[in-house]
Amino acid sequence: MVVIDSIKNGIVIDHITAGLGMKLLEYLDIDTSSDTVAVIMNAVSNKYGRKDVVKIENVTDIDLAALGLIDPKATVNYIVDHVISQKINLTVPERVVNIIKCKNPRCVTSVETNAPQLFSLIDKENREYRCEYCDEIISMKGGYNNEFIHRQWFDR
Ligand SMILES: [Zn+2]
């Protein structure tokens, strides 16, 4: 049961895989110095055992593709006047642009830092993506300790 009464307007990202809440937050470009953010870690969930929940006040513009890439079973609730106005079940994105970085040192994107990072989904079950330049395969399934997920690597 998610308590949403602490948020008037904003988003609640629910059913996040336990341990990924901070990673998601870091990844969403949320300014934690000015936005009101709550991260609940290891909440008990009927559905998945343990989960993280992230609540962000007054922010509604988030990158759903990035969220789906990192944790496709999370759900996003948009809150308006303390009420859930919209609920979105994330999906594994088919194509990701400038979210993950190719780790092949010989890839053109490693040499030309202005080249966009383009990946296509090739295996939904294993969440494997192929670099569109060099065919390097990156799996998003696993420990999420992969060093190639760093938004600050991209100029935005
Ligand atoms: Zn590549």
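What percentage of the 156 residues in the chain is made up of buried residues?

**Exercise 1. Burial**

Task: state the buried share of the chain.

Solution. The model is predicted; local features need pLDDT of at least 70, side-chain atom pairs count only at pLDDT 80 or more, and totals for chains, interfaces and linings use all residues. Residue numbers start from 1 along each chain as its sequence is written. A residue is buried if 20 or more other C-beta atoms lie within 10 Å of its own, exposed if 12 or fewer, and partly exposed in between, with C-beta atoms placed from the backbone. Buried residues account for 24% of the 156 residues.

**Exercise 2. Elements and sheets**

Task: list the secondary structure in sequence order and give the strand order of the five-stranded sheet.

Solution. Helices (H or I, at least four residues) and strands (E, at least two) are DSSP runs, numbered from the N terminus. The chain holds three helices and nine strands, in the pattern β-α-β-β-α-β-β-β-α-β-β-β. Two strands pair if DSSP finds at least two bridges between them. The open five-stranded sheet is ordered S2-S3-S1-S4-S5 with antiparallel pairing. Its edge strands, each pairing on one side only, are S2 (37–45) and S5 (83–89). From one strand to the next, the twist averages 20 degrees; axes are lines fitted to C-alpha atoms, for helices over the stretch in contact, and angles run from 0 to 180 degrees between N-to-C directions.

**Exercise 3. The four-stranded sheet**

Task: which strands lie at the edges of the sheet S6-S7-S8-S9?

Solution. This open sheet has antiparallel pairing. Strands S6 (95–97) and S9 (137–139) are its edges, each pairing on one side only. On average, neighbouring strands here are turned by 30 degrees against each other, direction ignored. Antiparallel strands S8 (residues 128–131) and S9 are joined by three bridges. Opposite Glu128 stands Ser139 in S9.

**Exercise 4. From S1 to Leu20**

Task: find the bridge partner of Ile13 in S3, then decide whether Leu20 is partly exposed or buried.

Solution. S1 (residues 10–17) and S3 (residues 49–57) run antiparallel and are joined by six bridges. Val54 is the partner of Ile13 in S3. Leu20 sits in the loop between S1 and helix H1 (21–27). Leu20 is partly exposed because 19 other C-beta atoms lie within 10 Å. The C-alpha atoms of Leu20 and Val54 are separated by 9.9 Å, with the two residues 34 apart along the chain.
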